[in-house]
Number of protein chains: 2
Amino acid sequence: MDLSPIAEEYLKAISTLETEHARPIRTVEIADEIGVTSASVSSMIDTLDERGLLEHTPYKGVELTGDGEEIVTTLVRKHRLLETFLTDHLDYRWTDVHEEADRLEHHVSDEFATRLATFLDDPTTDPHGDPIPDTALTVSEESVQTPLTEYEAGETVVVAQVPDRDHDVREYLFEHGLEPGTELYLEAVTAVGILEVVPDDADDSVSIPTKIARHVSARATSR
Amino acid sequence: MDLSPIAEEYLKAISTLETEHARPIRTVEIADEIGVTSASVSSMIDTLDERGLLEHTPYKGVELTGDGEEIVTTLVRKHRLLETFLTDHLDYRWTDVHEEADRLEHHVSDEFATRLATFLDDPTTDPHGDPIPDTALTVSEESVQTPLTEYEAGETVVVAQVPDRDHDVREYLFEHGLEPGTELYLEAVTAVGILEVVPDDADDSVSIPTKIARHVSARATSR
DNA sequence: CACTAATATTAGCCTAGTCTAATTATCCTC
DNA sequence: GAGGATAATTAGACTAGGCTAATATTAGTG
């Protein structure tokens, strides 16, 4: 039987947390991520466990099974293909596509995803720079990408990925001219945790708090 | 508050039945249309009535209000825009798009619809030949269209609309080469309720039962 | 090692939407 | 205008997913 969009949201949340923490995920973490109570999470964990999508060790935490991960990867693929379509063809700003894709990913068929991918010419990254899993659901080798905070003053880098989940952060980066593909000259790293950077299409430097810069990854310029 | 996809399905069903019968719609008709029991319909009618989307006269039937009709028209617009996108850009056959559009129409935002319409160059009819309501939700003047059964042997017509809801009927028409835009020579009308027609891209005549032909509309050729 | 804080689970209730069974209205025919 | 057929509504129960409150487990600290 098919999974409800709600059950799918739980799987996605668990997957995100697993990637972030690399250890079993606790009930309360899922509750915080989704915005429901721990009680609700406990009961959804039961159903997901019965369906073989995760392994639950009571009082310890959960881990996705292969089946669970596969469902999540399918969703991620649909999500990122949709985002690509929305920005590249429907003229959405990349800052605005996440919410629409988050809703639609649960409702487009596999057939739709396959055809959309063909229409888009099988893209490998989405507008935030995140990799799009292919039909076999394998994620392509990511190019070497490092958080902006790892570079030093004086270096020039290209923005590779920006965080896709927090609207305010996306808005902040957009307004300061930072998006995937932007070339950046790192002017200075101040003591109070601010990066001074100069985007390639700007004259003045822009201040980026470390808190945000940590989640922006970049690769060295190819020259 | 937003309406659930299920509530939206009820409104669509009522609208379809109103168009078909031009009179208040009874509980059991809605039940048959959607495939639920009359009891379920009764209770949904209550909620829809409370929201001001229809008027219910107990034991008599329901009629959509202006608000109710507006919601349906928005859904129809989304549905037909989606169908157009699926056939024109994702290479779906026009016989296969109805189901996907029926799911997605409940989940795409108004913003998405607006942008999709622009992307598609503001089409006025969908792949089945049905008119697409514009942003103001007015349906464009339909060209004069008459059921195939109203024409006489010897006439040449162009298929304007095919039924969009029944997959088997669509499949039948597709296999016999009848789709919107097909030019048709009406060879004969037999006694047992069969039309013999010759599509423009075929040599042999094709037999269409009156039962089906009644729901295919056509306009006279422009020559 | 015991106690407390934090977290997890269970119990029990709520809402939306479904069902079956029982009841009530309406209508049609005689 | 009475009787029966048909249709509509109501009553009561079920499921998914949510909540709060109560209970149980684990972990950390003294």
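Mentor: A polar contact here is a pair of N or O atoms within 3.5 Å. Keep in mind that this is a predicted model.

Trainee: Okay, how far does a polar side-chain atom of A:Tyr10 lie from a phosphate oxygen of DNA strand D?

Mentor: A:Tyr10 is among the residues that come nearest to DNA strand D. The cut-off for a polar contact is 3.5 Å. The polar side-chain atom of A:Tyr10 falls inside that, and its distance from a phosphate oxygen of the strand is 2.9 Å.

Trainee: And which residue's side chain has an N or O atom 2.6 Å from a phosphate oxygen of DNA strand D?

Mentor: Look among the nearest residues again, which include A:Tyr10, A:Ser40 and B:Val28. The one you want also belongs to that group, and its side chain reaches a phosphate oxygen of DNA strand D at 2.6 Å: A:Ser4.

Trainee: Now over to DNA strand C. What share of its atoms within 4 Å of the protein is sugar and phosphate?

Mentor: There are 20 residues around DNA strand C, with A:Val28 and A:His56 among the closest. A backbone N or O atom of A:Val28, for one, sits 2.6 Å from a phosphate oxygen. Counting the strand's atoms that come within 4 Å of the protein, the sugar and phosphate share is 82%.

Trainee: Which helix gives the most to the surface near DNA strand C?

Mentor: Both chains take part: α2 and α3 of chain A, plus α1 and α3 of chain B, each supply at least two residues. With four residues, the top contributor is α3(B).

Notes. Residues are numbered from 1 along each chain as its sequence is written. Chains are lettered from A and ligands numbered from 1 in the order in which they are written. This is a predicted model: local features need pLDDT of at least 70, side-chain atom pairs count only at pLDDT 80 or more; totals for chains, interfaces and linings use all residues. Side-chain values use heavy atoms; hydrogens and water are left out. A residue is near a molecule or strand if one of its heavy atoms lies within 4 Å of it. A polar contact is a pair of N or O atoms within 3.5 Å; within protein, one must be able to donate a hydrogen and the other to accept it, and residues adjacent in sequence count only if both atoms are side-chain atoms.
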